[in-house]
Amino acid sequence: MNYDLHCHSSISDGVLAPADLVQRAAEKGVDVLGLTDHDDVSGLAEAAQAARAAGIGFVNGVEISVTWSGVTLHVVGLNIDPDDPDLQAGLAGIQQGRHARAERIGQELGKKGIAGAFEGALRHAANPRMIGRTHFARFLVEQGVCKDVRSVFRKYLVRGKPGYVAHEWTSLESAVAWIRAAGGQAVLAHPGRYDLKGKATRRLLAEFRELGGEGVEVVTGSHTPDQHALFAELANLHGLAASRGSDFHAPGEHGRELGGGPDLPVKCTPIWHNWNLTSTRQTRTASKTVPT
Ligand code: AMP
Ligand code: MN
Ligand code: MN
Ligand code: MN
């Protein structure tokens, strides 16, 4: 079974509409897909419907932006109820913060002679509530300022560069609490990507577990093979389950292809070990074997 429990649609900073993303996942051999747009759940209904039509399993997800000890972290929520009022109120607050940050990024880039960046980024954001650095990056590539999204990040959008704006996201405690209030499981996204020393990573995992976190991404598009092994070990050490996801955003951009990457290391407890997906699996089998 191919589980891909982390990816993005055009509701956040992916390029494919939710239904097109699901279609692509089915074509790439994904059996169970979790859509985890940044700080927004409005793509889930369309994606769930497309998954039923394509005969693949689907879980409602979200990727929440957090500031912990001065570092930006991402926490994925899986099997959330997108209509939960606590979750919705929390995400609405983050979206307001995103808008204010985006205006400041536009001003900073303006000082460097790049005019109209806020409006330009907004044009690249199919969902204006979820405007992020990737939309600025795509605008700068379109303007010929840089050759690709990756170089925009390197030259403009990261700490110490002219278009970087420090921002305080929500707390780890709140993100986990909203996910739990919405009936979901909290999973620490791509732990290998944070600027944390070994000791701080272990403190993070312990605190995350203490707050009610249940899993950690072991196999993700931003981990090396060494990191798959390291985080499998750390997940077990801290009593956390393991998750797997591509972090797909767009064909040819950073992150893996949908469904890509190795299986979870055998010693891990998959985050899906107690999910009841029997019905979707049968649908999937039926759609494969019944001639049409
Ligand atoms: P934001 O939440 O608006 O700060 O944007 C974060 C997003 O930017 C991540 O989810 C990635 O999609 C993208 N991103 C971050 N760093 C890089 C990078 N070095 N190259 C390409 N995309 C990046
Ligand atoms: Mn992203
Ligand atoms: Mn992320
Ligand atoms: Mn992501």
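**A tour of the manganese sites**

Select the manganese ion (ligand 4): its coordinating residues are His6 (NE2), His8 (NE2), Glu63 (OE) and Asp247 (OD), at 2.1 to 2.2 Å. A donor here is an N, O or S atom within 2.8 Å of the metal (3.2 Å for Na, K and Ca), and water is not among the atoms, so sites may look incomplete. This is a predicted model, in which local features need pLDDT of at least 70, side-chain atom pairs count only at pLDDT 80 or more, and totals for chains, interfaces and linings use all residues. Residues are numbered from 1 along each chain as its sequence is written, chains are lettered from A and ligands numbered from 1 in the order in which they are written, and side-chain values use heavy atoms, with hydrogens and water left out.

Along the sequence, the donor residues of ligand 4 follow the spacing H-x1-H-x54-E-x183-D. Next, select histidine 8 and glutamate 63, which are 55 residues apart: histidine 8 lies in the loop between β1 (3-4) and α1 (18-27), and glutamate 63 in strand β3 (residues 57-68). Helices (H or I, at least four residues) and strands (E, at least two) are DSSP runs, numbered from the N terminus. Histidine 8 and glutamate 63 are both buried, meaning under 20% relative accessible area (exposed is over 50%, partly exposed in between; 1.4 Å probe, protein chains only).

Now move to the manganese ion (ligand 3), where Glu63 (OE), His74 (ND1) and His190 (NE2) coordinate at 2.1 to 2.2 Å. Histidine 74 is in strand β4 (residues 71-78), and histidine 190, 116 residues apart from it, is in the loop between β5 (185-188) and α8 (198-211). Both of these histidines, 74 and 190, are buried.

Last, select the manganese ion (ligand 2). It is 4.6 Å from the manganese ion (ligand 4) and 5.6 Å from the manganese ion (ligand 3).
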